[in-house]
Amino acid sequence: MSRFLKFLVVISMLVWSCQEVTKPTKPNILFIMTDDHASHAISAYGGIYDEIAPTPNIDRLAKEGALLQNVFCTNAICGPSRATILTGKFSHLNGYYKNHLGGKFDSTQWTFPWAFQQNGYQTALFGKWHLGTEPVGFDYYKYHNNQGQQGTYYDPIYNENGVNKVEKGYATTLTANFAINWLEQRSVQTGQPFMMMLQFKAPHRKWQPEEKYMDLFEDITMPIPRTFWDNYEGRELTAGDTDMTMDNFDPRDMKISPPDTITDSLALSRWGEMGYKRGTGVGWLPNDTMTIQEAREWKYQRYIKDYLACVRSVDDQIGRVLDYLDEKGLAENTIVIYTSDQGFYLGDHGWYDKRFMYEPSLRMPFIMRYPGVIPAASVNHDLITNVDFAPTLLDFAGIPSPDEVQGKSFRANLIEGRNSDWREATYYHYYEYPFWHHVQPHYGIRNERYKLIHFYYDIDIWEFYDLKQDPDELNNVYGNPEYADLIDQLKSELQKLQQQYEDDISLDSMRVLTKTNFGIIGGGDH
Ligand code: CA
């Protein structure tokens with residue numbers, strides 16, 4: 001080899017090794033999650049708001065990545081969903097069953113952020129955490145730490161690596177600012193990839209929009225969901241016996257100020273809770289002339305407009321973050337996920353809130369972009385749950401998950417469009433009762449077409465839905481002899497899932513979990 005050729009080889013090796021140092025070979029992970037954002041409030045998923053209240057920036061992720069149609073929560077409430085996402089395990093194995101009296105997350109257990117950190121990733125968390133214990137597995141965190149870790153929309157208190165501080169401004173914007181600042185300031189010299197959890201508190205109750213969007217939908221009458229006037233026939237003791245109807249909104253949800261005549265603090269607090277009158281009537285009416293029906297529609301309009309205005313700010317901020325990735329040349333090597341901790345009722349069945357195994361709260365939005373790896377504008381219909389998130393994210397980074405993780409990676413499902421070794425049914429279990437919202441504990445199974453639910457706490461009621469014939473789940477056909485064989489078969493599959501996931505305990509033992517006070521995080525634990 002000539003001296004000149006040797007020189008060239010050495011130079012090219014140097015260039016190659018320099019690139020090795022500065023360019024991460026593993027993808028960055030940007031996990032964006034909101035709180036209570038239903039997929040039917042994202043225009044990429046369609047629905048009655050898609051033209052009135054579009055979400056162009058979230059939609060952009062779907063156009064450039066994969067939109068997942070059948071991602072389900074395993075316990076549709078904030079803290080438990082978050083604990084499941086972190087651990088890849090169902091509530092009964094990660095120990096976080098409920099928000100109200102659900103205690104604090106056991107932070108000594110394995111979580112996926114910790115695994116990323118152990119495998120050379122720079123890790124950070126922004127926004128809502130809501131698990132009581134300090135986050136483990138993050139180099140840097142800045143999470144909402146007032147109102148029982150719900151945070152407030154305006155001037156929230158953040159805990160920044162253990163130090164509390166009030167930040168002036170609107171929560172959604174602040175959280176995005178902090179995330180971008182961290183990306184800007186993190187050391188890139190080490191060549192380490194990053195894993196960031198960017199978790200907006202919006203659009204959680206009490207739905208306070210950003211100042212510029214207060215009157216965003218003022219001149220519009222929002223369409224009403226087709227199940228809004230559900231009379232709960234055939235489901236009187238389950239769907240028909242809750243504290244989450246339009247009647248249960250309190251005046252503060254509706255942004256009504258108390259009259260000047262009420263000054264006593266106890267009276268003020270009673271006034272603020274006027275919505276909670278299950279079984280005693282219709283709650284309160286905004287004025288003396290409105291009928292009950294008119295009041296329900298009026299409350300729905302106030303609610304949905306504020307909810308969708310909060311979503312608008314989230315979409316704006318996601319746009320800013322995506323622009324930042326583009327500007328810095330990070331978009332190509334960064335996996336971006338958009339999801340929410342569960343779905344939500346947007347007037348569906350006459351409700352707000354979540355909890356039930358019915359579709360609007362069971363379904364989680366899930367969009368994932370990884371340019372050049374996940375085909376753009378792809379759609380996936382596999383039955384996936386939030387126990388699968390942790391092993392999937394790690395799999396994309398080539399990091400194995402321990403055997404204790406109950407979920408499975410769906411990486412192949414997204415890249416190859418299918419996975420021959422995939423499950424045919426998903427499992428669900430909800431525990432919290434009677435606070436908040438009075439939803440009976442239940443477990444169930446959902447496959448591609450059918451859903452079987454057992455409400456077991458102080459009632460013993462089974463429900464069965466044919467989602468093809470009845471996508472809105474208005475007809476409980478459990479007692480219909482035509483379905484008897486199918487129901488038997490599904491019961492046996494449900495039992496197998498309970499064994500497989502180690503939730504095959506007695507009903508009495510399940511009831512104890514509902515009754516147990518595991519401790520509190522603080523106020524605002526719903
Ligand atoms: Ca939530």
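**Exercise 1.** Does Q301 count as buried or exposed, and what is the relative accessibility of Q301?

*Solution.* The model is predicted. Step one is to place the residue: Q301 belongs to helix α8, which covers residues 292-327. Step two is to read the relative accessibility of Q301, which is 14%. Step three is to apply the cut-off: buried means under 20% relative accessible area. Q301 therefore counts as buried.

**Exercise 2.** State which residues Q301 is in contact with, leaving aside neighbours within four places in sequence.

*Solution.* Once those neighbours are set aside, the contacts of Q301 are with I220, T221 and M222.

**Exercise 3.** Determine how the radius of gyration of the protein chain compares with the globule rule.

*Solution.* Begin with the secondary structure: the protein chain has 13 helices and 16 strands. Next, take the radius of gyration, 24 Å, and set it beside the 24 Å that the globule rule gives for 526 residues; the two are close, so the protein chain is as compact as a globular protein of that length. Finally, add the extent of the C-alpha trace, which spans about 95 × 60 × 45 Å along its principal axes.

**Exercise 4.** Describe the burial, contacts and surface of the protein chain.

*Solution.* First, burial: 58% of the 526 residues count as buried. Second, contacts: among those with a separation of 6 or more, 69% join residues 24 or more positions apart. Third, surface: the accessible area is about 21500 Å², and carbon and sulfur atoms hold 51% of it.

Key: Residues numbered from 1 in each chain as written. Predicted model: local features only at pLDDT ≥ 70, side-chain atom pairs only at ≥ 80, totals over all residues. Heavy atoms only, no water. Helix = DSSP H or I, 4+ residues; strand = E, 2+ residues; numbered from the N terminus. Buried < 20%, exposed > 50% of the residue type's maximum accessible area, 1.4 Å probe, protein only. Contact = heavy atoms within 4.5 Å. Rg over C-alpha atoms; globule rule 2.2 N^0.38 Å. Areas by Shrake-Rupley, 256 points an atom, 1.4 Å probe, with all protein chains shown as cover.
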